[in-house]
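Subject: Structure handover

Hello,

Here is the structure I said I would pass on. My notes on what was found in it follow below.

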Amino acid sequence: MAQTFDFTRLRKLTVIHGFVQAFLLVLLAGTSYVLLGKVPSQVFLNSIIRVVVLQLILFYPVYKFALGDAQREVATAAAGLSADEQQALRRKRVFSDILKGALIIFFFTFSLRAPAAPQIQFMILAVFLLSYLTYFQCFNYAAKKLMKAKS
């Protein structure tokens, strides 16, 4: 007997992630526009290059984290899970949510403690926004791929 899945919740979650991605892009564009008005264009370009390099370094860990979350969510969508299996998946979800919250607190604290130079503040905010944008994109990609494989 083939295992059945109910992906209703997961499909809604990917739509919500799409709206969050749009909001993060608007926020990133707005902060870039503000920084461009405060610093010379060469300093802005250097900040962008540093952000891209940092984002490339962070891509793989963020991708692996999002892939694990997507696999967990697809496993949660399976029908007929035992109480122990549901509890284990719930525990993994809570741990993942705590880790994401801790990263938000880290970036917030890091931006408060960083020097008041606009380019440094921009870099911290941009890496934060791009990291979460990457997470949502990787999660949606992996979830859709896994849902297609399970259907």
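Start at Ser 131, which is in contact with Gln 55, Leu 58 and Val 62, leaving aside its neighbours within four places in sequence. Please keep in mind that this is a predicted model. Ser 131 belongs to helix α4. With a relative accessible area of 9%, Ser 131 falls under the 20% limit and therefore counts as buried.

One of its partners, Leu 58, sits in helix α2. Beyond the neighbours within four places in sequence, Leu 58 is in contact with Val 127 as well as Ser 131. Leu 58 has a relative accessibility of 30%, so it counts as partly exposed. From the C-alpha atom of Leu 58 to that of Thr 76, 18 residues away along the chain, the separation is 27 Å.

The pockets

Leu 58 and Ser 131 come up again in the largest pocket, where they are listed with Leu 103, Phe 107 and Val 127 as the closest to the centre among the 19 lining residues. The volume of this pocket is about 400 Å³. Its lining takes at least two residues from each of α2 (41–76), α3 (83–113) and α4 (118–150). Which helix gives the most to the lining of the largest pocket? That is α4, with seven residues. By type, the lining of the largest pocket has 17 nonpolar residues, one polar and one charged.

The second largest pocket has a volume of about 150 Å³. Here α1 (8–38) takes part, and α1, α2, α3 and α4 each supply at least two lining residues. How do the lining residues of the second largest pocket divide into nonpolar, polar and charged? There are four nonpolar, one polar and seven charged. Among the residues that line this pocket are Arg 9, His 17, Asp 69, Arg 72, Glu 73, Arg 93, Asp 97 and Lys 100, along with Tyr 135, Phe 136 and Phe 139.

Aromatic residues and the core

Tyr 135 appears in several of the findings. Apart from its neighbours within four places in sequence, Tyr 135 is in contact with Val 62, Phe 65, Ala 66, Asp 69 and Lys 100. Tyr 135 is also a member of an aromatic cluster that includes Phe 65, Phe 106, Phe 107, Phe 110, Phe 128, Tyr 132, Phe 136 and Phe 139.

The count of aromatic pairs comes to 10. One aromatic pair is that of Phe 44 and Phe 122, which is tilted, at 5.9 Å centre to centre and 40 degrees between the planes. Phe 44 is in helix α2 and Phe 122 in helix α4, so this pair ties together parts that are 78 residues apart in sequence. Is each ring residue of the pair buried or exposed? Phe 44 counts as buried at 15% relative accessibility, and Phe 122 is buried with a relative accessible area of 5%.

In soluble globular proteins, nonpolar side chains tend to be buried together. The largest nonpolar core in this model has 33 residues, and those that touch the most other members are Phe 7, Leu 10, Leu 24, Val 51, Tyr 135 and Phe 139. The elements giving two or more residues to this core are α1, α2 and α4. Of these, α4 gives the most, with 17 residues.

Regards

Key. Residues numbered from 1 in each chain as written. Predicted model: local features only at pLDDT ≥ 70, side-chain atom pairs only at ≥ 80, totals over all residues. Heavy atoms only, no water. 1 Å grid on protein atoms, 1.4 Å probe; cavity = no way out; pocket = protein on both sides within 12 Å on 5 of 7 lines; lining within 4 Å. Points joined across faces, edges and corners; volume = space filled by probe spheres on them. Helix = DSSP H or I, 4+ residues; strand = E, 2+ residues; numbered from the N terminus. Nonpolar A, V, L, I, M, F, W, Y, C, P; charged D, E, K, R; others polar. Buried < 20%, exposed > 50% of the residue type's maximum accessible area, 1.4 Å probe, protein only. Contact = heavy atoms within 4.5 Å. Phe/Tyr/Trp six-rings, centres within 6.5 Å; stacked < 30°, edge-to-face > 60°. Core = buried A, V, L, I, M, F, W, Y, C linked by side-chain atoms within 4.5 Å.
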